[in-house]
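Biologist: I am new to this structure. Please take me through one part of it closely, then show me what surrounds it.

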Amino acid sequence: MRKLTNFFLITLVIVGMFSSAALAGEKPIRLELKLGTPNLFGFSGEYLLPELGIPAIDKTLAPYFDFSKFTLGLDPTVDLGFTYFGFGAKYYLDQYIDLFELPDKMYGTYTGLGFGRLSITLTDEGWDDYYHGEGKSEGSVGLNMLQFKIGKRWIWGPITLCIESGYSLGKIDEKIEVEVEYEDGYKETETEDTSDIPIGGGIIGALSIGLAL
């Protein structure tokens, strides 16, 4: 993954050296590497819809998705798995910038509404029990989110850069399960009720860079 990421970033720099620095709004497909919260590190894509004969949304509405998936080794027997998937739509405000004669540097500004699902899995292959011996335990928890965003996108030739921030409301799963399977074949499951945990909220933000096509 690291070699692929480095190759991708080097390619963007080389292409950018030979591209125009002018803003290009006619590139509707944007594929990016994304760093931030809650996705941590992953991939993102969006597609700016063409004219649909509806002035309020012509060349302003862009469905998007975010995806992250990786595993971190916390010690020789414990792994932390992280998965995030998000989707929604961005609404670009360019036509209002023209309408109200706002500064050109505001082109590329958008608001957005989206949904996300974050899942964390903890696996311990060094689990040990007095009666059943060694085993493997796995527990997971998920968080569903409603996200409100505001951001800004720049496009120079094939290169695109985007920054965004916003606020997210999240609700944890109503229960957390931990499953253990021992080498002698015995299995057990522990369940923790989390339904009484209220909806929470927090600031989100991200930086992404990629290709516009």
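Which backbone oxygen does the side chain of T109 reach? Please start there and then work outward to the salt bridges, the surface patch and the strands at the end of your tour.

Modeller: A word of caution to begin with: this is a predicted model. The side chain of T109 reaches the backbone oxygen of M106, at 2.7 Å. T109 sits in strand β5, which covers residues 109-129. Is T109 buried or exposed? T109 counts as buried, because its relative accessibility is 15% and the cut-off for buried is under 20%. Look next at what T109 touches. Leaving aside neighbours within four places in sequence, T109 is in contact with Y91, Y92, L93 and D94. G151 and K152 are also in contact with T109.

Now the salt bridges. The structure holds 10 of them. One of these joins the side chains of K34 and E164, with N to O at 3.0 Å. This pair links distant parts of the chain. K34 is in strand β1, residues 29-37, and E164 is in strand β7; the two are 130 residues apart. K34 counts as buried at 5% relative accessibility. E164 is buried too, with a relative accessible area of 11%.

A second pair is E46 and R153. Their side chains meet in a salt bridge at 3.1 Å, N to O. E46 lies in strand β2, residues 40-47, and R153 lies in strand β6, residues 133-156, so the pair ties together parts that are 107 residues apart in sequence. Are these two buried or exposed? E46 is buried, with a relative accessible area of 4%. R153 counts as buried at 3% relative accessibility.

A third pair also involves β6. K149 forms a salt bridge with D66, and the closest N and O atoms are 3.7 Å apart. K149 is in strand β6, while D66 is in strand β3, residues 61-75. They are 83 residues apart, so this pair again links distant parts of the chain. K149 is buried, with a relative accessible area of 7%. D66 counts as buried at 3% relative accessibility. Salt bridges that share partners also build a network. It joins R30, E32, E46, K90 and R153.

Turn to the surface. Go back to β7, the strand of E164. Strand β7 covers residues 159-172, and Y167 is found there as well. Y167 is partly exposed, with a relative accessible area of 38%. E164, by contrast, is buried. In a regular strand the side chains alternate between the two faces of the sheet. Y167 belongs to a nonpolar patch on the surface. Its other members are L113, F148, L169, I199 and I203. Together the six residues have about 600 Å² of accessible area.

Last, the hairpin. Strand β8, residues 175-182, pairs with β9 in the antiparallel sense over 7 bridges. One of the bridge partners is easy to find: E179 is matched with T189 in β9. β8 and β9 form a hairpin with 4 residues between them. G185 lies in the turn and has a positive phi of about 95°. How many of the 7 residues of β9 are buried? The count is 0, so strand β9, residues 187-193, is hardly covered.

Key
Residues numbered from 1 in each chain as written. Predicted model: local features only at pLDDT ≥ 70, side-chain atom pairs only at ≥ 80, totals over all residues. Heavy atoms only, no water. Patch = residues over 30% accessible without salt bridge, like charges linked within 9 Å, V, L, I, M, F, W, Y side chains within 5 Å. Areas by Shrake-Rupley, 256 points an atom, 1.4 Å probe, with all protein chains shown as cover. Salt bridge = Lys/Arg side-chain N within 4 Å of Asp/Glu carboxyl O. Buried < 20%, exposed > 50% of the residue type's maximum accessible area, 1.4 Å probe, protein only. Polar contact = N/O pair within 3.5 Å; in protein donor to acceptor, adjacent residues only side chain to side chain. Contact = heavy atoms within 4.5 Å. Pairing = 2+ DSSP bridges.
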